[in-house]
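Q: Could you take me on a close look at one part of this structure? I am new to it, so please start with a pair of neighbouring strands and explain the terms as you go.

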Amino acid sequence: MDSARGAFSRRDLLKTGTMVAAGIVAGPALAQINAGLPGVAKPTATTMSASPMTIRPDLFRRALAALQRHDSQIQFRDKMALVDFDLSSSQPRFHIVDLASGRSRSLLVAHGRGSDPDHIGYLTRFSNEINSACSSQGAYLTGDIYVGQHGRSRRLMGLDATNSNVEQRAVVVHAAWYVSPDMIAQHGKLGRSEGCFALSNADLEDTLNALGPGRMIYADKV
């Protein structure tokens, strides 16, 4: 860990989480994570945009801690995604954060059917077990794009013991027909995935571009 990253203390994490929750651009503190790292173009806005006020400070702090913990494996820290599985699937809860500016946008995302067996619209449990069809908590590293059963998708690697089987389970980022505002209007919730981060077709390409290889997705709940 270089001196810039080492200087990012627990106090900075607490301060930064509060700033983001308040909708304030947290440039100086966040910039310490990005010191010396290449950036990419900022993602374009989508119809499901949101301010940083939608991100809970405790979730943001945990994500930043994961970013530090997996420093050697996460090549790019210009952007990351946080998935707040405390929220209903009817709410935008896949937050893409630009760490240089502190700005974010929030998208709809489905959780695994094994995590919501009664299909109530809320994730009730995580699992890392193969064939569980559950969502897994923890930090993910984004990989390459491939074309599979669900079209263009991005591979993921689990960085924690709680999601170490995601490659074997083929947990990826992809689009699905059951993720859309129309689905919420009709049923009050989204459909469920097999544990993948299933997005709407409208949001997929921007998300694949924003979260290119070597970036982190962090998924958790209280």
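A: Let's start with a hairpin: S4 and S5 form one, with two residues between them. Strands here are DSSP runs of E with at least two residues, helices are runs of H or I with at least four, and both are numbered from the N terminus. This is a predicted model, in which local features need pLDDT of at least 70 and side-chain atom pairs count only at pLDDT 80 or more, while totals for chains, interfaces and linings use all residues. Residues are numbered from 1 along each chain as its sequence is written, and side-chain values use heavy atoms, leaving out hydrogens and water.

S4 and S5 (residues 151-158) run antiparallel, joined by seven bridges; two strands pair if DSSP finds at least two bridges between them. Within this pairing, Tyr-140 has Gly-158 of S5 as its bridge partner. S4 also runs antiparallel to S8, with four bridges joining them, and there Gly-138 stands opposite Ala-219 in S8.

Tyr-140 leads us inward too. The largest nonpolar core has 23 residues, and Tyr-140 is one of those with the most contacts inside it, along with Val-83, Phe-94, Val-173, Phe-197 and Ile-217. Such a core is a set of buried Ala, Val, Leu, Ile, Met, Phe, Trp, Tyr and Cys residues joined through side-chain atoms within 4.5 Å, where buried means under 20% relative accessible area with a 1.4 Å probe, protein chains only. Among the elements that each supply at least two residues of this core are S6, helix H7 (201-210) and strand S8 (216-220). H7 gives the most, with three residues.

Note on methods:
Buried < 20%, exposed > 50% of the residue type's maximum accessible area, 1.4 Å probe, protein only.
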